[in-house]
Amino acid sequence: MIGLPRHVSSRRAAGILRRVFQRVPTPFAFRLWDGTLVPLGDGAPVCTVVVHRPETFVRLVRDPSPLTFAKAYVDSAIDIDGDLFAAMSVANA
């Protein structure tokens with residue numbers, strides 16, 4: 001398996017997010033460290049996950065567990081704009 005780099009461009013990250021989350025039925029979005037908005041699904045996003053640094057994105061992709069996301073949220077490495085309960089339903093999908 002090829003290891004992920006420590007840094008990733010926002011363009012590459014957006015492509016990865018689109019591939020990974022293309023089947024999630026609830027519309028939501030990611031806002032990346034450089035302001036790039038990655039909307040997913042049809043309609044207005046119920047929430048937006050804000051990823052503050054490329055290193056955080058790489059860490060979440062390497063270990064996409066609920067614990068990794070929770071740690072990133074507690075450490076303020078990510079934020080969630082919008083309805084937190086809606087974000088939890090997106091996570092469950």
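Start your tour by selecting Pro39, which sits in strand 2, residues 37-40. Keep in mind as you go that this is a predicted model.

**Stop 1: Pro39 in strand 2**

Is Pro39 buried, partly exposed or exposed? Its relative accessibility is 47%, so Pro39 counts as partly exposed, given that the exposed class begins over 50%. Now add Phe28 to the selection. Phe28 and Pro39 are 11 residues apart along the chain, and their C-alpha atoms are separated by 6.1 Å. Once neighbours within four places in sequence are set aside, Pro39 is in contact with Phe28 and Ala29.

**Stop 2: Thr56 and helix 2**

Next, pick Thr56, which you will find in helix 2. Thr56 has a relative accessible area of 4%, so this residue is buried, the limit for that class being under 20%. Which residues touch Thr56, leaving aside its neighbours within four places in sequence? Show Val51, Ala72, Ala77 and Ile78, and you have its contacts.

Widen the selection to the buried residues of helix 2: Pro54, Thr56, Phe57, Val58 and Leu60. To see what lies over these buried residues, turn on helix 1, strand 3, helix 3 and strand 4, which are included in their cover.

**Stop 3: the second largest pocket**

Stay with helix 2 (54-62) and bring in helix 1, since each supplies at least two residues to the lining of the second largest pocket. This pocket has a volume of about 160 Å³. Helix 1 gives the most to the lining, with 4 residues. To display the lining, select Ile16, Leu17, Val20, Phe21, Phe30, Val51, Phe57, Leu60, Val61, Pro64 and Phe69. Colour them by class and you should find 11 nonpolar residues, with no polar and no charged ones.

**Stop 4: helix 4**

Now move along the chain to helix 4, residues 84-92, and select its buried residues, Ala86, Ala87 and Val90. Look down the axis of helix 4: these buried residues fall within an arc of 105 degrees, so they line one face of the helix. As a reminder, an α-helix has 3.6 residues a turn, so residues three or four places apart point the same way.

Which residues are exposed on the other side of helix 4? Turn the view and you will meet Phe85, Ala91 and Asn92 there. For the buried side, show strand 1 (28-31), strand 3 (47-51) and strand 4 (78-82), which are among the elements covering the buried residues of helix 4.

Before leaving, zoom in on the start of the helix. Here a side-chain oxygen of Asp83 comes to within 2.8 Å of the backbone nitrogen of Phe85.

**Stop 5: the largest pocket**

Keep helix 4 on screen for the last stop. Which element gives the most to the lining of the largest pocket? Helix 4 does, with 5 residues. The volume of the largest pocket is about 550 Å³.

Its lining has 21 residues, and Phe69, Ile80, Ala87, Met88 and Ala91 lie nearest the centre. To follow the lining by element, switch on helix 1 (10-21), strand 1, strand 3, helix 3 (66-74), strand 4 and helix 4, the elements that give two or more residues to it. Colour the lining residues by class once more: 20 are nonpolar, 1 is polar and none are charged.

To finish, leave Phe69 selected and compare the two linings. Phe69 is one of the residues nearest the centre of the largest pocket, and Phe69 also lines the second largest pocket.

Technical notes. Residues numbered from 1 in each chain as written. Predicted model: local features only at pLDDT ≥ 70, side-chain atom pairs only at ≥ 80, totals over all residues. Heavy atoms only, no water. Buried < 20%, exposed > 50% of the residue type's maximum accessible area, 1.4 Å probe, protein only. Arc of directions from axis to C-beta. Contact = heavy atoms within 4.5 Å. Polar contact = N/O pair within 3.5 Å; in protein donor to acceptor, adjacent residues only side chain to side chain. 1 Å grid on protein atoms, 1.4 Å probe; cavity = no way out; pocket = protein on both sides within 12 Å on 5 of 7 lines; lining within 4 Å. Points joined across faces, edges and corners; volume = space filled by probe spheres on them. Nonpolar A, V, L, I, M, F, W, Y, C, P; charged D, E, K, R; others polar.
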